[in-house]
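Student: I have a structure open and would like a close look at one part of it. Could you walk me through that part and then place it in the whole chain?

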Amino acid sequence: MIESAEDWKEALAMACSPLLKRGIITENYIDALIAENDTEESYSFLGDCMAIPHSSVEKGVLSDGFALLILKNPVQFRNQKQIRIITPLAILNQSVHLKAIIQLNQLAEDEVAISSMLAAEEPTVIREIIKEASKKKV
């Protein structure tokens with residue numbers, strides 16, 4: 001959780017930082033995500049304010065994982081979307097890829113959960129909101 005970022009590239013790099021520190025991705029993966037999202041036609045967006053940047057394994061994925069960054073002030077991506085939640089995905093096991101995207105899409109469409117996440121002051125509250133939202137069936 002941060003107040004703001006200079007731009008979407010900085011926010012994306014910050015969102016990836018925990019994955020890099022834990023050895024889930026390489027620095028090359030962050031560069032690939034920035035390059036792939038530096039277009040007006042990126043597919044990495046869900047709902048009104050969530051980005052889920054991800055790329056292929058060979059670009060620097062070492063194991064499965066995801067991170068979550070919430071910005072109090074949105075950053076504008078190249079496609080003009082105002083983003084406040086960035087969830088970079090590192091997917092080594094391709095069989096879990098679709099399930100992860102479906103779960104994130106369900107979360108992005110849950111307006112109550114998203115509003116609660118954006119208003120939360122503590123990461124533990126956000127974890128609980130995500131746990132509860134993941135229990136809901138669509």
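Tutor: Happy to; we can begin with one residue, T87, and work outward to the chain around it. Please keep in mind that this is a predicted model.

T87 sits in the loop that links β5 (82-86) with β6 (89-90). Is T87 buried or exposed? With a relative accessible area of 1%, T87 is buried, because that value falls under the 20% cut-off. Which residues does T87 touch, once neighbours within four places in sequence are set aside? They are A51, I52, P53, F66, A67, L68 and L104.

One of those partners, F66, deserves a visit of its own. F66 belongs to strand β3, which covers residues 65-66. Again leaving out neighbours within four places in sequence, F66 makes contact with L19, T87, P88 and L89. Another pairing to look at on your screen is F66 with C16: they are 50 residues apart along the chain, and their C-alpha atoms are separated by 8.3 Å.

Now for a second loop, the one between β4 (69-76) and β5, where you will find Q80. The backbone is what draws attention here, as phi of Q80 is near 75°, a positive value in a residue that is not glycine. As background, most residues other than glycine have a negative phi. Q80 has 49% relative accessibility, so it counts as partly exposed.

Let us step back to the whole chain. It has five helices and six strands, and from the N terminus on the order is α-α-β-β-β-β-β-β-α-α-α. Its radius of gyration is 14 Å, close to the 14 Å that the globule rule gives for 138 residues, so the chain is as compact as a globular protein of that length. Taken along the principal axes, the C-alpha atoms fill a box of roughly 35 × 35 × 30 Å.

Burial and contacts can be viewed at this scale too. Of the 138 residues, 41% count as buried, and T87 is among the buried residues. Among contacts between residues at least 6 apart in sequence, 66% join residues at least 24 apart.

Finally, the surface and the charges. The accessible surface of the chain comes to about 7600 Å², with 52% of it belonging to carbon and sulfur atoms. There are 14 positive and 20 negative side chains, and the centres of these two sets lie 7 Å apart.

Note on methods:
Residues are numbered from 1 along each chain as its sequence is written. This is a predicted model: local features need pLDDT of at least 70, side-chain atom pairs count only at pLDDT 80 or more; totals for chains, interfaces and linings use all residues. Side-chain values use heavy atoms; hydrogens and water are left out. Helices (H or I, at least four residues) and strands (E, at least two) are DSSP runs, numbered from the N terminus. Buried means under 20% relative accessible area, exposed over 50%, partly exposed in between (1.4 Å probe, protein chains only). Contact means heavy atoms within 4.5 Å. The radius of gyration is taken over C-alpha atoms; the globule rule is 2.2 Å times the number of residues to the power 0.38. Accessible areas come from the Shrake-Rupley method with a 1.4 Å probe; for residues, only the protein chains shown count as cover. Lys and Arg count as positive and Asp and Glu as negative; His and the chain ends are not counted. The place of a charge is taken as NZ of Lys, CZ of Arg, CG of Asp or CD of Glu.
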